[in-house]
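Q: Got a minute to go through this one with me? I'd like to start with the strands and then move on to the charged pairs.

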Amino acid sequence: MPDSLTIPRTKVRPKTERPKLHKVILLNDDYTPREFVVSVLKAEFHVGEDLAQKIMITAHRRGVCVVAVFTKDVAETKATRATEAGKAKGYPLQFTTEPEE
Ligand code: NFA
């Protein structure tokens, strides 16, 4: 019998699938104060003042802005926590998630 049929491969190809990333998206609204949006971005997403301002103003002008990407669970947890932070103050602030292409 030829070796190719009897000798098992010893070099195993490491098959590590990357988890699909999900975007957290900030939605604009007419009521949540800009400074509050910035404070939530800093607290929940650990971005600095300048980037938080940039994300907030982009959502304000364009309607939506991608905040960051994470694994599905982390994205959903952060979006929920950030939305709850607004709700706790009576604001309609909303964060959603969607899978990356
Ligand atoms: N549009 C809000 C305002 O003018 C600010 C805002 C920005 C809210 C981004 C939500 C998201 N006060």
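Q: Is β1 mostly covered or mostly open, and how many of its residues are buried?
A: Mostly covered: five of the seven residues in β1 are buried. Keep in mind that this is a predicted model.

Q: OK, and in what order do the strands of the sheet come?
A: The order is β2-β1-β3, in an open sheet of three strands with antiparallel pairing. β2 and β3 are the edge strands, each pairing on one side only. On average, neighbouring strands are turned by 30° against each other, ignoring direction.

Q: How many bridges does β1 make to β2, and how many to β3?
A: Seven bridges join β1, residues 21-27, to β2. Six join β1 to β3.

Q: Which residues pair up there?
A: On the β2 side, Ile25 has Val66 as its bridge partner, and Val24 has Ala68. Over in β3, Phe95 stands opposite Leu26.

Q: Back to Val66: is that residue buried or exposed?
A: Partly exposed, with a relative accessible area of 42%. Val66 sits in strand β2, residues 64-71, and joins Leu21 and Val69 in a nonpolar surface patch of about 190 Å².

Q: Switching to charges. How many salt bridges does the structure hold?
A: Six. One of them is between Glu98 and Lys23, at 3.2 Å from N to O. Glu98 is in strand β3 and Lys23 in strand β1, so that pair ties together parts 75 residues apart in sequence.

Q: How accessible are Glu98 and Lys23?
A: Lys23 counts as buried at 14% relative accessibility, while Glu98 is partly exposed at 35%. There's a network here too: salt bridges link Lys23, Glu98 and Glu101.

Q: What about Lys72, which side chain does it meet?
A: Glu76, in a salt bridge of 2.9 Å, N to O. The two are four residues apart in helix α4, residues 72-88, which means they're separated by about one helical turn. Lys72 is partly exposed at 42%, and Glu76 is also partly exposed, at 31%.

Q: And Lys42, what's the partner there?
A: Glu49, with 2.4 Å from N to O. Lys42 comes out partly exposed at 32%, and Glu49 is partly exposed at 34%.

Q: Last one: which residues does UniProt list for the domain?
A: The unreviewed UniProt entry lists residues 18-96 as "Adaptor protein ClpS core". That span is 54% helix and 23% strand, and its end C-alpha atoms lie 22 Å apart.

Notes. Residues numbered from 1 in each chain as written. Predicted model: local features only at pLDDT ≥ 70, side-chain atom pairs only at ≥ 80, totals over all residues. Heavy atoms only, no water. UniProt positions renumbered as here; feature names shortened; annotations may be inferred. Patch = residues over 30% accessible without salt bridge, like charges linked within 9 Å, V, L, I, M, F, W, Y side chains within 5 Å. Areas by Shrake-Rupley, 256 points an atom, 1.4 Å probe, with all protein chains shown as cover. Salt bridge = Lys/Arg side-chain N within 4 Å of Asp/Glu carboxyl O. Buried < 20%, exposed > 50% of the residue type's maximum accessible area, 1.4 Å probe, protein only. Pairing = 2+ DSSP bridges. Axes fitted to C-alpha atoms, helices over the stretch in contact; angles between N-to-C directions.
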